[in-house]
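Q: Please take a close look at a single strand of this model and the way its side chains are placed, and then go on from there to the other sheet and to the surroundings of the ligands.

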Amino acid sequence: MKISVIGCGYLGAVHAAAMARLGHDVVGIDTDAAKVEKLSAGVAPFFEPGLPELLSEGIGSGRLRFSTDLADAAGARVHFLAVGTPQLPNSDGADLRYVHGAVDALARVVAPDSLIVGKSTVPVGTAGGLVDRLRTAGSRAALAWNPEFLREGFAVADTLTPDRLVYGVADADDAALLDEVYVDVLATGIPRIVTDYATAELVKTAANAFLATKISFINAMAEIAEATGADVTTLADAIGHDARIGRRFLNAGIGFGGGCLPKDIRAFTARAEELGRAESVAFLRQVDAINLRRRERAVDLAVELLGGSVFERRIAVLGLTFKPDSDDTRDSPALDVAARLHGLGARVRATDPEGIGNARLRHPQLDYTTSAEEALRDAELAVLVTEWREYRDLDPERVAGLMATPRVIDARNVLDPASWRAAGFAYRGLGRS
Ligand SMILES: NC(=O)c1ccc[n+]([C@@H]2O[C@H](COP(=O)([O-])OP(=O)(O)OC[C@H]3O[C@@H](n4cnc5c(N)ncnc54)[C@H](O)[C@@H]3O)[C@@H](O)[C@H]2O)c1
Ligand SMILES: O=c1ccn([C@@H]2O[C@H](COP(=O)(O)OP(=O)(O)O[C@H]3O[C@H](CO)[C@@H](O)[C@H](O)[C@H]3O)[C@@H](O)[C@H]2O)c(=O)[nH]1
């Protein structure tokens with residue numbers, strides 16, 4: 001089937017390449033010419049394991065191409081909408097300007113019997129408004145909402161073998177067309193939920209709100225653990241054995257960041273306010289506040305470990321991205337901690353396997369090095385803020401040999417406190433004694 005994907009960022013580029021793997025004839029459209037140039041050459045514009053191979057395969061087979069010209073999407077039967085929905089600059093709400101811009105432009109080029117399929121994360125009620133927008137612009141194209149649940153770092157596998165597919169449709173024929181698009185994905189036996197627009201939009205918002213709440217719940221327990229000498233990782237293991245709770249997403253640390261969870265819970269709060277239901281999701285304000293407090297806690301621990309001030313002290317920051325296996329530094333707790341320490345006058349040297357380029361764009365004032373060894377050399381404190389495999393696997397004896405003073409803050413609770421202490425370290429985790 002001929003498919004277009006409008007917006008080739010983290011979501012759209014993977015989706016386009018995955019659609020080509022599924023045998024479709026795909027054109028990816030993005031307004032960013034530099035991104036399109038890279039994608040056309042089979043080069044991933046961001047770090048995502050497995051994406052370069054999928055791009056090369058699609059381009060090599062002739063089933064995948066990219067363009068800046070929306071007219072190239074005109075012949076497609078299905079148009080996936082994957083543009084960004086960032087937080088508005090001065091409020092919690094979602095900025096829908098890219099969605100509106102793309103839909104207005106699509107209305108001018110798409111065939112009347114085509115289907116526009118929203119994948120972007122939008123406030124509940126958006127899809128209904130977009131249908132009105134299409135009709136006002138004179139387009140008879142149909143609209144469906146098919147939210148995306150992929151995780152960065154696992155985006156390729158999550159797209160090709162998702163946990164479930166959700167279709168928000170106004171007509172059963174549109175669900176049937178989506179079944180054709182996803183025929184090989186559905187063949188694996190995954191659940192498919194067909195519903196209305198509002199439910200489909202809300203499924204996505206609710207899923208991210210739940211995940212964020214789970215993380216902030218365990219981080220709230222970390223705060224109580226810190227006040228009592230309890231250990232939050234043992235607590236998470238113990239409650240996680242209850243299958244009704246589950247151990248996943250109970251890792252306490254400096255909390256969640258990235259281009260999704262933080263802005264999505266804020267947009268949900270803003271939308272609930274518009275709907276006169278602010279109280280229903282008032283807890284999400286607490287979820288956000290707990291999350292942001294954990295970054296402060298990491299900075300406070302640094303001050304404490306360095307005897308009352310970080311001013312002019314040499315600190316190695318290990319990690320800059322919001323999570324491992326991604327180069328994404330959008331709302332990254334790791335980068336935020338590095339910038340706060342720098343702001344307090346510390347001599348921060350920060351490192352990350354993939355995130356330095358993006359971090360430098362956001363915080364050019366920091367001192368970056370590509371080598372963990374360089375970051376650690378002569379440091380008086382190491383702060384592990386993103387749990388990349390190479391930092392989890394660091395040998396404490398060796399690190400002690402590099403540093404001026406062996407002190408470590410394990411802000412993701414991934415190191416073994418006993419072995420680091422045995423190597424002479426003053427070790428502090430978050431919510432861990
Ligand atoms: N990143 C993820 O892991 C993920 C997962 C699930 C859902 N989402 C949602 O998907 C959406 C996209 O997220 P992202 O992280 O890929 O964002 P992104 O900012 O990386 O990508 C958006 C892309 O859209 C392009 N764009 C904007 N307007 C355009 C237009 N009119 N025509 C063509 N291209 C246009 C931009 O140039 C950019 O490349 C968001 O709503 C996000 O919440 C993201
Ligand atoms: O126990 C945990 C798990 C995660 N995190 C942090 O939470 C953030 C988000 O992690 P994750 O959800 O794995 O990353 P994303 O790629 O942002 O994916 C989320 O956001 C996407 C965009 O909406 C959704 O599609 C995914 O389903 C949803 O998991 C990261 O900063 C993690 O470090 C924790 O602090 N503790």
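A: In this predicted model, the residues of strand 7 (residues 165-168) point to two opposite sides, with Leu 165 and Tyr 167 facing one way and Val 166 and Gly 168 the other way, and all of them are buried. Strand 7 runs parallel to strand 8 (residues 192-195), to which it is joined by four bridges, and within this pairing Val 166 stands opposite Ile 193 of strand 8.

Another part of the chain holds an open sheet of six strands, ordered 11-10-9-12-13-14, in which the pairing is parallel. Its edges are formed by strand 11 (367-368) and strand 14 (426-429), each of which pairs on one side only. Within the sheet, strand 9 (residues 314-318) and strand 12 (residues 381-384) pair in the parallel sense over four bridges, and Val 317 has Val 383 in strand 12 as its bridge partner. Two helices lie across strands of this sheet: helix 12 (residues 283-305) lies across strand 9, strand 12, strand 13 (407-410) and strand 14, and runs at about 165° to strand 13, while helix 13 (residues 333-343) lies across strand 9, strand 10 (347-351) and strand 12, and runs at about 160° to strand 10.

Turning to the ligands, ligand 1 has 27 residues around it, of which Gly 7, Gly 9, Gly 84, Ser 120 and Thr 121 come nearest. Helix 1 (10-21) and helix 4 (97-109) each supply at least two residues of this shell, and the largest share, four residues, comes from helix 4. By class, the shell around ligand 1 comprises 12 nonpolar, 10 polar and five charged residues.

Around ligand 2 there are 22 residues, and those that come nearest are Glu 152, Asn 251, Phe 256, Gly 258 and Cys 260. The elements that give two or more residues to this shell are helix 9 (197-228) and helix 11 (261-274), with helix 9 providing the largest share, three residues. The shell around ligand 2 divides into 10 nonpolar, seven polar and five charged residues, and it draws at least three residues from each of domain 1 (2-195) and domain 2 (229-433).

Conventions:
Residues numbered from 1 in each chain as written. Chains lettered and ligands numbered in written order. Predicted model: local features only at pLDDT ≥ 70, side-chain atom pairs only at ≥ 80, totals over all residues. Near = placed C-beta within 6 Å. Nonpolar A, V, L, I, M, F, W, Y, C, P; charged D, E, K, R; others polar. Domains from an automatic or database assignment. Pairing = 2+ DSSP bridges. Contact = placed C-beta atoms within 7 Å. Axes fitted to C-alpha atoms, helices over the stretch in contact; angles between N-to-C directions. Buried ≥ 20, exposed ≤ 12 C-beta atoms within 10 Å, placed from the backbone.
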